[in-house]
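Dear colleague,

I am handing over the structure below, and I would be glad if you could look it over alongside the notes that follow it.

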Amino acid sequence: MTVENNNILTDSVIAKEALRLLKNNLVTAKLVYRQYEKTFGKVGDSVSLKLPFRIKSNSGRVLKKGPMVDKTIPFKIDRQEHIGLEYTMKDMTLDITQFSERYLKSGMVQIANAIDRSILLTLKTAFHSTGTPGTRPSAYIDFANAAAKQTEYAVPDDGMRNAILNPFTCAALSDSVTKLFNGDMVKNAYKKGYKGPVADYSVYETQNLPVHTVGNYGGTPLIDGAIANGSSIATKGWTASRADLLKAGDVFTIAGVYGVNPQNYDSTGMLQEFVMQSDAASDGGGLSTLSFLPEMNDGTATTTNADGDTISLAAYQNISELPAGNAAITVMGNANTTYEQNYLFHKEAIALAMIDLELPKSATTKARVNDPETGLSLCMTAAYDIIEQTEITRIDAVWGTKLINGDLAMRMWGAARG
């Protein structure tokens, strides 16, 4: 029997070539946190991830114990994408290069795009924003200001800040980028989509960035009554009876509610942005309840532990003060308008976890392949059709994504789309 290194097709050779194509065509997936694979077992698994513990320092000689609070978020493996191939036994005589170009490349590029796009769709839950809706970022200063804002919110400047831009934004920025080209950038130019360093960001281009269409809002929206800490507020003053008032992903600010630096808890002087987690409608009186992230915490928020004790969440303070009654609400972007979106994020803002699909016991041809460098994995199964004398093969990728540290991500608004 001819051995694998002579490029004769085997299930293992095909699976490894598919994984190579996947790895080479990913952009965003290479820029995110990848340490959760071992936490999961199978498709549909959901686990509670513990977030990094945060504690507030205290002044003076006398010890003040900080409350131990484990904050968790759900993370689920809920995405699966596959390609189905049918080829003749004659095609099995092709070498792997010919077979890859004819059968594998197109499908694996699409799976790579599906994985990247799922990450970018997850980033639509990012609440921090920069730029002006309707204006395409085109200058170095746009990115320098964004970097300054992220620094103000204590995003680590440790070489792991990335910018994912749509092609038109990259084109608009090209003049600034070319002026900043250097030897290190050129050496790394083989990375797919890589455009070079700009203002502490490693800049990448992708066509997979989703646009965002703002809801059909109207009126003069205001806070309705007293507001408590949390992720829901009562509002009034909207145009009445709008079923599509606000959309998930819409961003808004509230007059007088400023973000705070999570290290020193001083006000940043910038209004805290909130992002809608679900669509909202207004009733006949122009009232609407909004569900959003991040949860408001003016430093007085508390939680209850397993023993029923009240625990302070002061260390997780994120706003200067709670909204006052009748405080004005401002939605970013014009109603019913679609805007380009770009994303600036630290590697630890968002996680991707890929797992192995369980292989059927009855399959005579089956293979799993993993890339230890990136954590990518694929599963392949095949069956022979004796009537048509063809081999039917499917290759599957299974994964989940989650925004695990929302403070470390930021959307950059771009031009309006028709």
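Strands β5 and β7 (residues 201–205) run parallel and are joined by 4 bridges, and within this pairing N162 has S202 of β7 as its bridge partner. Please bear in mind that this is a predicted model.

On pairing with β19, β5 takes the antiparallel sense, again through 4 bridges, and here N162 is matched with F345 as its bridge partner in β19. Because 5 of the 5 residues of β5 (residues 161–165) are buried, this strand is largely enclosed by the rest of the structure. The burial holds on both faces, with R161, A163 and L165 on one side and N162 and I164 on the other.

F345 also leads to the nonpolar interior: together with L22, M108, I115 and L378, F345 touches the most other members of the largest nonpolar core, which has 51 residues. At least two residues of this core come from each of α1 (11–25), β3 (79–88), α2 (96–122), β19 (338–346), β20 (350–355), β21 (365–370), β22 (377–385) and β23 (390–403), and α2 gives the largest share, with 10 residues. Apart from this core lies another, of 27 residues, which includes Y217, I223, V251 and F292.

Returning to F345, and leaving aside its neighbours within four places in sequence, the residues in contact with it are T28, L31, V32, L123, M160, R161, N162, I164, I350, L408 and A409, so that R161, N162 and I164, which are among the buried residues of β5, appear in this list as well.

With best regards

Technical notes
Residues numbered from 1 in each chain as written. Predicted model: local features only at pLDDT ≥ 70, side-chain atom pairs only at ≥ 80, totals over all residues. Heavy atoms only, no water. Core = buried A, V, L, I, M, F, W, Y, C linked by side-chain atoms within 4.5 Å. Buried < 20%, exposed > 50% of the residue type's maximum accessible area, 1.4 Å probe, protein only. Contact = heavy atoms within 4.5 Å. Pairing = 2+ DSSP bridges.
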